[in-house]
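Ready to find your way around a new protein chain? Work through these exercises one at a time, and try each task before you read its solution.

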Amino acid sequence: MGDHKEQPLRVGAAVRRRRRALELTLAVVAERSGLSVPFLSQVENDRARPSRSSLEKLADALRTTAVELLAAADPACSVDVVRAECAEPPPEPRTRSLVRGHHQMHASEFTGDHEAGREIQYRNDQLMYVADGAVEIEAEGRAYRLGRGDTLYLTGGVRHRWRATVPDTRVVVVAVAEHIEAVQDRPR
């Protein structure tokens, strides 16, 4: 029994994100695409679905492709359950994705040891939450020790590494997805 059914995509949010990233008004996009401002507003608010032809005109006006807009679209369903495994857990360490599909946020659960020497850098912001155990995180030249229930917030672009300091440690990492331009690339 699945908790997630394939739903039609809502392209409106992808159109809005792209338009705003280019710092364009609806009027400018309407002029470039030959589509009306009211129609574009309805598309962005998911009250109208563009035809294939309209989507291609819209993509051209936004300097992208219809395929890219569809790839960045949100699924129409807003609820998805990811069940914990009921069987015996596999040998440690393990990583489990807590979010399925193409969304604005990504979340993973890490159980057991972690590659302490591996440096990580996310483009966007992330939050690390220690569900069980303890970790040591090195970021921006400082070491942080976190125990059960502690969180650490890292802005996009911060290079860091971490390791479990207690057996059976579980860490949940929630990050803004890499395809989202939530943080302007910062010079380093």
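**Exercise 1. Work out the strand order of the open sheet of five strands, and find its edges.**

Solution. Keep in mind that you're looking at a predicted model.
Step 1: walk across the open sheet and you meet its five strands in the order β3-β4-β11-β6-β9, with antiparallel pairing.
Step 2: look for strands that pair on one side only; these are the edge strands, β3 (94-97) and β9.
Step 3: check how the neighbours are turned. On average, neighbouring strands of this sheet sit at 20 degrees to each other, direction ignored.
Step 4: recall what holds such an arrangement together. Strands of a sheet pair through backbone hydrogen bonds, either parallel or antiparallel.

**Exercise 2. Follow the pairing from β3 through β4 to β11, and name some bridge partners.**

Solution.
Step 1: start with β3, which is joined to strand β4 (residues 105-111) by four bridges in the antiparallel sense.
Step 2: pick out partners. Arginine 94 has threonine 111 of β4 as its bridge partner, and threonine 95 has phenylalanine 110 of β4.
Step 3: move to the next pair. Seven bridges link β4 and strand β11 (residues 170-176), again antiparallel.
Step 4: look at phenylalanine 110 once more: opposite this residue, in β11, stands valine 171.

**Exercise 3. Is serine 108 buried or exposed, and what does it touch?**

Solution.
Step 1: place the residue. Serine 108 belongs to strand β4.
Step 2: apply the cut-off. Buried means under 20% relative accessible area. Serine 108 has 10%, so it counts as buried.
Step 3: list its contacts, leaving aside neighbours within four places in sequence. Serine 108 touches Thr95, Arg96, Ser97 and Leu98, along with Val171, Val172 and Val173.
Step 4: zoom out to the whole strand. Five of the seven residues of β4 are buried, so β4 is largely enclosed by the rest of the structure.

**Exercise 4. Which side chains of strand β9 (residues 151-154) are buried?**

Solution.
Step 1: sort the side chains by face. They alternate, with Leu152 and Leu154 on one face and Thr151 and Tyr153 on the other.
Step 2: compare the faces. Leu152 and Leu154 are buried, while Thr151 and Tyr153 are not.
Step 3: find the pairing strand. β9 runs antiparallel to strand β6 (residues 126-132), and four bridges join them.
Step 4: name one matched pair: leucine 127 has tyrosine 153 of β9 as its bridge partner.

**Exercise 5. Which elements build the largest nonpolar core?**

Solution.
Step 1: begin with its members. This core has 17 residues, and those with the most contacts inside it are Val11, Val15, Val29 and Leu58.
Step 2: trace where its residues come from. Two or more come from each of α2 (26-33), α3 (37-44), α4 (52-61) and α5 (66-71).
Step 3: find the top contributor: α4 gives the most, with four residues.
Step 4: look for a second core. Apart from the largest one lies another of 14 residues, among them Phe110, Ile120, Leu146 and Trp162.
Step 5: take a closer look at Trp162. Tryptophan 162 lies in strand β10 (residues 159-164) and is buried, at 3% relative accessible area.

**Exercise 6. Where around the axis of α2 do its buried residues sit?**

Solution.
Step 1: identify them. In α2, Val29, Ala30 and Ser33 are buried.
Step 2: check their spread. They cover an arc of only 100 degrees around the axis, which means they lie on the same side of α2.
Step 3: see what covers them. The cover includes α1 (12-21), α3 and α4.
Step 4: zoom in on valine 29. Beyond neighbours within four places in sequence, valine 29 is in contact with Arg19, Leu24, Leu40, Leu58, Ala61 and Leu62.
Step 5: inspect α1 too. Its buried residues include Gly12, Ala13, Ala14, Val15, Arg16 and Arg19.
Step 6: look just past the helix ends. Glycine 34, just after α2, has a positive phi of about 80 degrees, and glutamate 23, just after α1, has a positive phi of about 55 degrees.

Conventions:
Residues are numbered from 1 along each chain as its sequence is written. This is a predicted model: local features need pLDDT of at least 70, side-chain atom pairs count only at pLDDT 80 or more; totals for chains, interfaces and linings use all residues. Side-chain values use heavy atoms; hydrogens and water are left out. Buried means under 20% relative accessible area, exposed over 50%, partly exposed in between (1.4 Å probe, protein chains only). Two strands pair if DSSP finds at least two bridges between them. Axes are lines fitted to C-alpha atoms, for helices over the stretch in contact, and angles run from 0 to 180 degrees between N-to-C directions. A nonpolar core is a set of buried Ala, Val, Leu, Ile, Met, Phe, Trp, Tyr and Cys residues joined through side-chain atoms within 4.5 Å. Contact means heavy atoms within 4.5 Å. The arc is that of the directions from the helix axis to the C-beta atoms.
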